[in-house]
Amino acid sequence: MSSVCVQSITTRRSQKLVQAPGPNAEQLQQLLAAAVCAPDHSALRAWRFVLIEQQNVGALTDLAIAAMRRSGREITEQKEQNTRKWLSSVPLLIGLAYKISHDNEKVPEIEQTLSMGAAVMNIQNAAHMMGFSTYWSTGLGTYTDEVPEALGLDTLDYRFVGFLAVGTPSVKLPPAQRPDPATLTTTWQP
């Protein structure tokens with residue numbers, strides 16, 4: 001792997017504040033093509049992506065806030081205002097889910113979860129290489145039944161894992177502080 005690729009991966013960081021422009025149609029197809037290169041035990045092809053374009057983000061915001069309140073989750077007035085302000089400039093949200101393979105004893109659900117995480121990370125890395133920023137949010141009613149079902153994802157068959165905001169960075173952030181990998185690594189010997 002070239003040092004340019006490694007540098008691109010190691011300089012990626014999540015950035016919540018994004019604005020237009022978001023990826024165009026060709027760039028979006030490239031991001032999704034990167035997603036489906038994730039490890040996929042037994043070729044389940046379980047990944048699902050729901051595109052919410054800027055003109056529909058407000059309606060999703062309304063739906064998600066109402067769903068969270070109906071589910072009993074407290075949302076303060078300040079939290080609602082902050083959420084609405086943040087999402088008002090997001091050019092693209094991608095709903096993220098995977099189809100649960102209920103009858104597949106060979107591939108436990110944790111492997112399907114990991115595959116979905118890898119697919120999202122591929123989108124994030126590819127978006128970063130294109131000059132975009134991303135932010136994976138598990139708010140917005142992710143853990144309600146109502147939001148995934150409104151997106152066409154029956155919660156008996158799909159595990160919804162949140163939304164990915166994609167767009168141009170609104171502000172320049174300093175590099176993220178990362179741990180030294182050596183502090184997290186051991187070498188096993190028999």
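## Charges over rings

In this predicted model, the charged end of lysine 99 sits over the ring of tyrosine 158, 5.5 Å from the ring centre. Another lysine is placed in a similar role: the charged end of lysine 16 sits over the ring of tryptophan 86, at 4.8 Å from its centre.

Both rings belong to residues of a nonpolar core, one of 20 residues that includes Trp86, Val90, Tyr158 and Phe163. Tryptophan 86 itself is buried, its relative accessible area being 8%.

## Aromatic pairs

Over the whole structure, 2 aromatic pairs are found. Tryptophan 86 takes part in one of them, with tyrosine 135 as its partner; the geometry is edge-to-face, with 5.8 Å from centre to centre and 80° between the planes. Tryptophan 86 is in helix 4 (residues 77-87) and tyrosine 135 is in strand 4 (residues 133-137), so the pair ties together parts 49 residues apart in sequence. The two partners fall in separate burial classes: tryptophan 86 is buried at 8%, while tyrosine 135 is partly exposed at 25% relative accessibility.

Phenylalanine 160 and phenylalanine 163 make up an aromatic pair that is also edge-to-face, with centres 5.1 Å apart and planes at 75°. Phenylalanine 160 is buried, at 6% relative accessibility, and phenylalanine 163 is buried too, at 1%.

## Helix 4

Which residues of helix 4 are buried? They are Glu80, Thr83, Trp86 and Leu87. Viewed down the axis of helix 4, these residues fall within an arc of 130°, so they line one face of the helix. Glu77 and Lys85, on the other side of helix 4, are exposed.

The buried residues of helix 4 pack against helix 3 (54-70) as well as strand 3, strand 4 and strand 5.

## The largest nonpolar core

The largest nonpolar core has 23 residues, and those touching the most other members are Ile94, Leu96, Met116, Leu164 and Val166. At least two residues each come from helix 2 (25-35), strand 3 (92-99), helix 5 (109-129) and strand 5 (158-169). Helix 5 gives the most, with 6 residues. The core of 20 residues that includes Trp86 and Tyr158 is separate from this one.

Leucine 96 is one of the core residues that touch the most other members. Apart from neighbours within four places in sequence, leucine 96 is in contact with Arg48, Phe49, Met116, Val120, Trp136, Arg159, Phe160, Val161, Gly162, Phe163 and Leu164. That list includes both phenylalanines, 160 and 163, of the edge-to-face pair.

## Leucine 93 and leucine 140

Leucine 93 lies in strand 3. Is leucine 93 buried or exposed? Its relative accessible area is 0%, so leucine 93 counts as buried. Beyond neighbours within four places in sequence, its contacts are Val50, Leu51, Ile52, Val57, Leu60, Leu87, Leu140, Phe163, Leu164 and Ala165. Between leucine 93 and valine 161 there are 13 Å in space, C-alpha to C-alpha, and the two are 68 residues apart in sequence.

Leucine 140, among the contacts of leucine 93, is in the loop between strand 4 and helix 6 (146-150). Leucine 140 has a positive phi of about 55° although it is not a glycine, and it is buried at 4% relative accessible area.

## Other backbone features

Arginine 45 is not a glycine either, yet it has a positive phi of about 50°. Its place is in the loop between helix 2 and strand 2 (47-53).

A cis peptide bond joins alanine 20 to proline 21, with omega near 5°. Proline 21 is in the loop between strand 1 (18-19) and helix 2.

## Cysteines

How many disulfides does a search of the whole structure find? The count is 0. Cysteine 5 is in no disulfide, and the cysteine sulfur nearest to its own belongs to cysteine 37. The sulfur of cysteine 37 is 14 Å from that of cysteine 5, its closest cysteine sulfur, which is too far for a bond.

In accessibility, cysteine 5 is partly exposed at 33%, whereas cysteine 37 is exposed, with a relative accessible area of 61%.

Conventions. Residues are numbered from 1 along each chain as its sequence is written. This is a predicted model: local features need pLDDT of at least 70, side-chain atom pairs count only at pLDDT 80 or more; totals for chains, interfaces and linings use all residues. Side-chain values use heavy atoms; hydrogens and water are left out. A nonpolar core is a set of buried Ala, Val, Leu, Ile, Met, Phe, Trp, Tyr and Cys residues joined through side-chain atoms within 4.5 Å. Buried means under 20% relative accessible area, exposed over 50%, partly exposed in between (1.4 Å probe, protein chains only). Helices (H or I, at least four residues) and strands (E, at least two) are DSSP runs, numbered from the N terminus. Contact means heavy atoms within 4.5 Å. Rings of Phe, Tyr and Trp (its six-membered ring) pair if their centres lie within 6.5 Å; planes under 30 degrees apart count as stacked, over 60 as edge-to-face and the rest as tilted. A charge sits over a ring if NZ of Lys or CZ of Arg is within 6 Å of the ring centre and within 35 degrees of the ring normal. The arc is that of the directions from the helix axis to the C-beta atoms. A disulfide is a pair of cysteine sulfur atoms within 2.5 Å.
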